[in-house]
Amino acid sequence: MYRNRILYLIIVLLICFSTSSLAMSEPASNNQSAKEKEDGSKVTSKIFVIIVDGLQAETLQKTSAPNINGIANAGVRVTKATSVFPDTTQATVASILTGMLPEQHKFVQEGDKPEGKTIQVLMEGKKIKTAFFGADGELKNLLAQGGHNCSGPFNGKDELVMTNLLNEWSQSQSYLNIIVLPELRSVLNKHGINSNEYKMAVTKTDGQIGRLLKKLHDENSYDNSMFIITGTLGSPPFIMKGLPFKESTQLPPVSICDVAPTIGYLNGIKLENIAGMVLWNSFKEIGGQSGEYLLNERIKDLSLANAQLLEEMSRLQKEKLRVKQQQEIVAREKEDIQRQIEIRDQKINALKGRISLYHVMAVVLLALSGFGYVLLYKFLRKRFLMF
């Protein structure tokens, strides 16, 4: 009996020991897994914002553009991106890099000075290395001091922009790289979106982007690079690929103004007084942020933007009403002035008639006086001269 109790006690102790050992090993295993995940996690090595001036989204589906379409298929493609008005090159590029509408940054035509800060300027302020390739003409006003700003020459050619980028690759080593490819706009304006000339030009531009991708593949840094590709006028594409973005995903319509705030958010930079929004719904569930949280943030931003639009619509309606009232006042004043003009014209016509009558009467009186003078002369001559 006593021996059975001792055996029972030993069995119980063994069970408790094995249970506690198992409970202790589970967190240790979890910690080891977390460490391996943390050590093996990837970070973005470079960001490439590629602005293809004149590129249209629909043409990418109709022509050979394997590099751009490859990035789009692997990352996030937007169903429709809206540009800004006016859609000059400097206005659209400024909107992409500042997140502002042209009416906010006021950089629309030759001689304008941009207001607001570009994402390049803000990142340079955070001591993050940046570079700008393809800034020619008025676009030079967008360059950030301290950044690696390539001086060209570019001569409006995509090939020269990319050649300069690759030639200065070892010099810049910048985290944010802004690339403006200028060639397609002139082809689009001259030949139209459905022309073979434009489609061939798109393929040629895609080949220049392929040179950049090859360089990244050669350095084994393609997978760690972030790409944002968009255009300027019309219906440009909006493509994103990189570690924080979803894969093989399509998003509903966005604006080209959303580029800067999205890059800013990913790098801890908040842009103030802008029209663009962070594309929360393009992100993976990273950094402890669930898909529900990201979606709610997107909904919140869209709701705020919708409220602002409703306020703007209300303001415009009130302004329209004031303009209508002013038009009615002006119309009434115009009618009063028209009546006064008519009355004045009537008086003028009456005076003209009276003056004409006076002229006729004066002529008649003058004629009668002349005739009477002749009669009197003849009468007097006959009476006194007797001949």
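**Exercises on rings and cysteines**

Lys 46 lies over the face of Trp 169, 5.2 Å from the ring centre. With that contact in view, here are some exercises on this predicted model.

**Exercise 1.** Find the cluster of linked rings that includes Trp 169.

*Solution.* Start at Trp 169 and follow the ring pairs: they link Trp 169 with Phe 48, Tyr 222 and Phe 227 in a cluster. Across the structure, the count comes to 7 aromatic pairs.

**Exercise 2.** Classify the pair Phe 48 and Phe 227, and say which elements the two rings join.

*Solution.* First, take the geometry: the ring centres are 5.7 Å apart and the planes meet at 15 degrees. Planes under 30 degrees apart count as stacked, so this pair is stacked. Next, place the residues: Phe 48 belongs to strand E1 (residues 46-52) and Phe 227 to strand E7 (residues 225-230). The pair therefore ties together parts that are 179 residues apart in sequence. Finally, check exposure: both Phe 48 and Phe 227 are buried.

**Exercise 3.** Do the same for Tyr 265 and Phe 283.

*Solution.* The centres lie 5.6 Å apart with planes at 20 degrees, so Tyr 265 and Phe 283 are stacked. Tyr 265 sits in helix H11 (residues 259-266), while Phe 283 is in the loop between H11 and helix H12 (291-384), 18 residues apart. For exposure, Tyr 265 has a relative accessible area of 28% and is partly exposed, whereas Phe 283, at 3%, is buried.

**Exercise 4.** How many disulfides does a search of the whole structure find, and are Cys 150 and Cys 257 buried or exposed?

*Solution.* The search finds 0 disulfides. Buried means under 20% relative accessible area. Cys 150, at 3%, is therefore buried, and Cys 257, at 1%, is buried too.

Terms used: Residues are numbered from 1 along each chain as its sequence is written. This is a predicted model: local features need pLDDT of at least 70, side-chain atom pairs count only at pLDDT 80 or more; totals for chains, interfaces and linings use all residues. Side-chain values use heavy atoms; hydrogens and water are left out. A disulfide is a pair of cysteine sulfur atoms within 2.5 Å. Buried means under 20% relative accessible area, exposed over 50%, partly exposed in between (1.4 Å probe, protein chains only). Rings of Phe, Tyr and Trp (its six-membered ring) pair if their centres lie within 6.5 Å; planes under 30 degrees apart count as stacked, over 60 as edge-to-face and the rest as tilted. Helices (H or I, at least four residues) and strands (E, at least two) are DSSP runs, numbered from the N terminus. A charge sits over a ring if NZ of Lys or CZ of Arg is within 6 Å of the ring centre and within 35 degrees of the ring normal.
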